[in-house]
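Please read the following paragraphs with the structure open beside them. They take up a few topics in turn, with pauses to look at the residues concerned.

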Protein chains: 2
Amino acid sequence: MKKSAIIVAGGSGVRMGSDVPKQFLLLNDIPVVIRTLQLFHAVADEVVLVLPQAHFDYWEQLRSQFNINKSDYQLVAGGSSRTESVINGLEKVSGPGLVAIHDAVRPLVSKELIVYAFESAAKYGNAIPVIPVRETLRKVEDGHSMVVDREQHRLVQTPQCFDIEVIKNSYKQFSGSTFTDDAGVFEAAGNTVHLIEGEHSNIKITFPADLIFASAWLNAR
Amino acid sequence: MKKSAIIVAGGSGVRMGSDVPKQFLLLNDIPVVIRTLQLFHAVADEVVLVLPQAHFDYWEQLRSQFNINKSDYQLVAGGSSRTESVINGLEKVSGPGLVAIHDAVRPLVSKELIVYAFESAAKYGNAIPVIPVRETLRKVEDGHSMVVDREQHRLVQTPQCFDIEVIKNSYKQFSGSTFTDDAGVFEAAGNTVHLIEGEHSNIKITFPADLIFASAWLNAR
């Protein structure tokens, strides 16, 4: 079955305390987004990279500096929201087949998890990696908070893998809405999410500490 | 106001894939529990260390090897559950005053957060550090899962700081129950939890990757 991948890089870098958007930060001398791109290029038949149009020139410099072939991916401009960016990416892929949608700022995902997500989606129609909640979890409501059962909750990661036509159709129905991930859109459109086991190390580079963590993890691997 | 601290080290190390319990693992050449102990010794008037009785001999070796004064802390045997261990620790402290209860396996907590937890508890009766949920959060029920609002949820850390008499009284009422943290016991006893801002870097050493992360974080600091 054909395997497509969409790498979504929308971040402006505000939370990192850095002028460089998170996806362009160097992680052991290689930009985060290039690490992620290469991981998916090794597994998928086609890779779509969604970047803000304003970053295209900078990307071109990086691409040439790090010897990334233009034929390894398709570049697409992002929208004003994550939803819009994913929709722009989905326009470049077509079924029948599967598509893995992944945050550019998760460069530590293993090849095994990418392969497993595609395999599970081939079997179940979709695959959403999740990990258990290790800390006590509280819910805040009306200024008060209460413990909720952490055993009943999961933290959701990417790559989230879907049948191309089904996820395209889901996004068509909710193009104006706000979702924090693709599984939310897929579910809102009436589909049932299939959870798979994610990876503790598959972190999102959000804070400066994450970059330190990610670098140490790569060195130890 | 008198400031006491209880460091709870109950772990058996199974999840680390290691025979050494997590609290004794070396983090940049110093055992995790010794790092944590010293942090609290610098801020609190008294420190109680709760360890499984089976680890007392090993602890004595470490203590002497790392030149920890016996007068810096009181050693207490843990129980068969976290609840029992905390109760044993609470028996060694007395009010009026505040007590910070902390996981031995969170050696990256900053001195600032410890001080802030005591200050907030002095003002509000208790202080529970929490951080936002960065990932999409799902709830699993009856084999299905659904998105829940991550903005309404918080991940709970330690040190959790309380008025000594109030937390002692809370534990008396729930000595036979299972809780994942002290705030849960405090709340079950009818008290209102006061949340404060925790630290993204204040991680729990649970998996091998955490030790790598913690080491890198200390090196970068």
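Across all chains of this structure, a search of the whole finds 18 salt bridges; the model is a predicted one, and the values given here are computed from it.

A good place to begin is B:Arg106, which forms a salt bridge with A:Glu135, where the closest N and O atoms are 2.6 Å apart. This pair crosses between chains, since B:Arg106 sits in the loop between strand S6 (98-103) and helix H4 (111-124) of chain B, while A:Glu135 sits in the loop between strand S7 (126-132) and strand S8 (136-141) of chain A. With a relative accessible area of 2%, B:Arg106 is buried, and A:Glu135, at 14% relative accessibility, also counts as buried because the limit for that word is under 20%.

B:Arg106 has a further partner in B:Asp103, with which it forms a salt bridge whose closest N and O atoms are 3.0 Å apart; both B:Arg106 and B:Asp103 are buried. Salt bridges that share partners join A:Arg82, A:Asp103, A:Arg106, A:Asp182 and B:Glu135 into one network.

Another pair in chain B is that of B:Asp182 and B:Arg82, whose side chains meet in a salt bridge of 3.0 Å from N to O. It links distant parts of the chain, as B:Asp182 belongs to helix H6 (residues 182-188) and B:Arg82 to helix H3 (residues 82-90), 100 residues apart. B:Asp182 is buried, with a relative accessible area of 0%, whereas B:Arg82 is partly exposed, with a relative accessible area of 21%.

Turning to chain A, where does A:Thr158 lie? A:Thr158 is found in the loop between strand S10 (153-156) and strand S11 (160-163) of that chain, and it is buried, with a relative accessible area of 3%. A polar atom of the side chain of A:Thr158 lies 3.1 Å from the backbone nitrogen of A:Asp103. When its neighbours within four places in sequence are left aside, A:Thr158 is in contact with A:Ile101, A:His102, A:Asp103, A:Arg106, A:Pro129 and A:Asn202.

It remains to see how the two chains are arranged. Chain A is superposed on chain B by a rotation of 180° with 0.0 Å of shift along its axis, and the RMSD is 0.0 Å; the two copies are therefore related as by a two-fold rotation axis. In chain A, the C-alpha nearest this axis is that of A:Phe213, at 2.3 Å from it. The same surface serves both copies, for 100% of the contact residues of chain A recur in chain B.

Note on methods. Residues are numbered from 1 along each chain as its sequence is written. Chains are lettered from A and ligands numbered from 1 in the order in which they are written. This is a predicted model: local features need pLDDT of at least 70, side-chain atom pairs count only at pLDDT 80 or more; totals for chains, interfaces and linings use all residues. Side-chain values use heavy atoms; hydrogens and water are left out. Copies are superposed by least squares on the C-alpha atoms of residues with pLDDT of at least 70 in both. Contact means heavy atoms within 4.5 Å. Helices (H or I, at least four residues) and strands (E, at least two) are DSSP runs, numbered from the N terminus. Buried means under 20% relative accessible area, exposed over 50%, partly exposed in between (1.4 Å probe, protein chains only). A polar contact is a pair of N or O atoms within 3.5 Å; within protein, one must be able to donate a hydrogen and the other to accept it, and residues adjacent in sequence count only if both atoms are side-chain atoms. A salt bridge is a side-chain nitrogen of Lys or Arg within 4 Å of a carboxyl oxygen of Asp or Glu.
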